[in-house]
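Visitor: I should like to understand how the helices of this molecule are arranged. Could we go through their packing step by step?

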Amino acid sequence: MPWAKIFLGDAMMDGAKTPNEPAVVVGKAYDLTIWLIQKVEHFPKSYRFSVGDRITKDVLDLLQTLVRCAYTSDKAKLLEVASAQTNSLRYLLRIAKDLHLMSIDSYGFSTGCVEEIGRMVGGWQKSVMRRA
């Protein structure tokens, strides 16, 4: 993710060649955001402005929370919020699948990404708690 290095600058590296957790999870959230926004554009009009807008809002909020968390020293509260946002997004994606707004393959891909982001946020939370 070349944009992540530019966006987060020196925060990208934690040591010699070890990627910093914030840069990686922010990059994954960014990629998911772009993918989901493009997916929502193809929802039927009857759902685009309800379920679609909510998915877009939630994924953008998650990205924004993770970016804010990467640049603040008080990470614990924001990581709790990010964890709740990933859970909310999981349910919205399930609704989209159940309403046949996205294919099973798209649902599987998107929930896989959300699951990975959720695991990374959880790991980041544990790391923050150990340091505190």
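Visitor: Are α3 and α5 roughly parallel or roughly antiparallel to each other?
Guide: In this predicted model, α3 and α5 pack at an angle of about 25 degrees, and their axes lie 13 Å apart. Angles under 35 degrees count as roughly parallel. The relation of α3 to α5 is therefore roughly parallel.

Visitor: How many polar and charged residues does the contact of α3 with α5 have?
Guide: On the α3 side, L62, L66, C69 and A70 take part, and they meet I117, V121 and W124 in α5. By class, this contact of α3 with α5 has seven nonpolar residues, with no polar and no charged.

Visitor: Which way are α3 and α4 oriented, roughly parallel or roughly antiparallel?
Guide: The axes of α3 and α4 come within 9 Å and cross at roughly 160 degrees. Because angles over 145 degrees count as roughly antiparallel, the orientation of α3 to α4 is roughly antiparallel.

Visitor: What is the make-up by class of the contact of α3 with α4?
Guide: α3 passes α4 in a left-handed crossing. The residues of their contact divide by class into five charged, four polar and 16 nonpolar.

Visitor: Is α4 roughly parallel or roughly antiparallel to α5?
Guide: Helix α4 covers residues 75-98 and helix α5 residues 104-131. The two pack at an angle of about 165 degrees, with axes 10 Å apart. That angle makes α4, relative to α5, roughly antiparallel.

Visitor: How many nonpolar residues has the contact of α4 with α5?
Guide: The crossing of α4 and α5 is left-handed. Residues of α4 in the contact include L79, L89 and L93, and those of α5 include I104, V114 and W124. Charged residues also take part, among them K75 and R90 of α4 and E115 of α5. By class there are six charged and six polar residues, and the nonpolar ones number 12.

Visitor: On which residue is the kink in α3 centred?
Guide: Helix α3, residues 45-70, has 26 residues and reaches 36 Å from its first C-alpha to its last, close to the 38 Å expected at 1.5 Å a residue. There is nevertheless a kink of about 35 degrees in α3. The residue at the centre of this kink is V51.

Definitions and conventions:
Residues numbered from 1 in each chain as written. Predicted model: local features only at pLDDT ≥ 70, side-chain atom pairs only at ≥ 80, totals over all residues. Heavy atoms only, no water. Helix = DSSP H or I, 4+ residues; strand = E, 2+ residues; numbered from the N terminus. Expected span 1.5 Å × (residues − 1). Bend = angle between axes of the 7 residues up to and from the residue. Axes fitted to C-alpha atoms, helices over the stretch in contact; angles between N-to-C directions. Parallel < 35°, antiparallel > 145°, perpendicular 65-115°, else oblique. Left-handed = near helix turned anticlockwise from the far one by under 90°. Contact = heavy atoms within 4.5 Å. Nonpolar A, V, L, I, M, F, W, Y, C, P; charged D, E, K, R; others polar.
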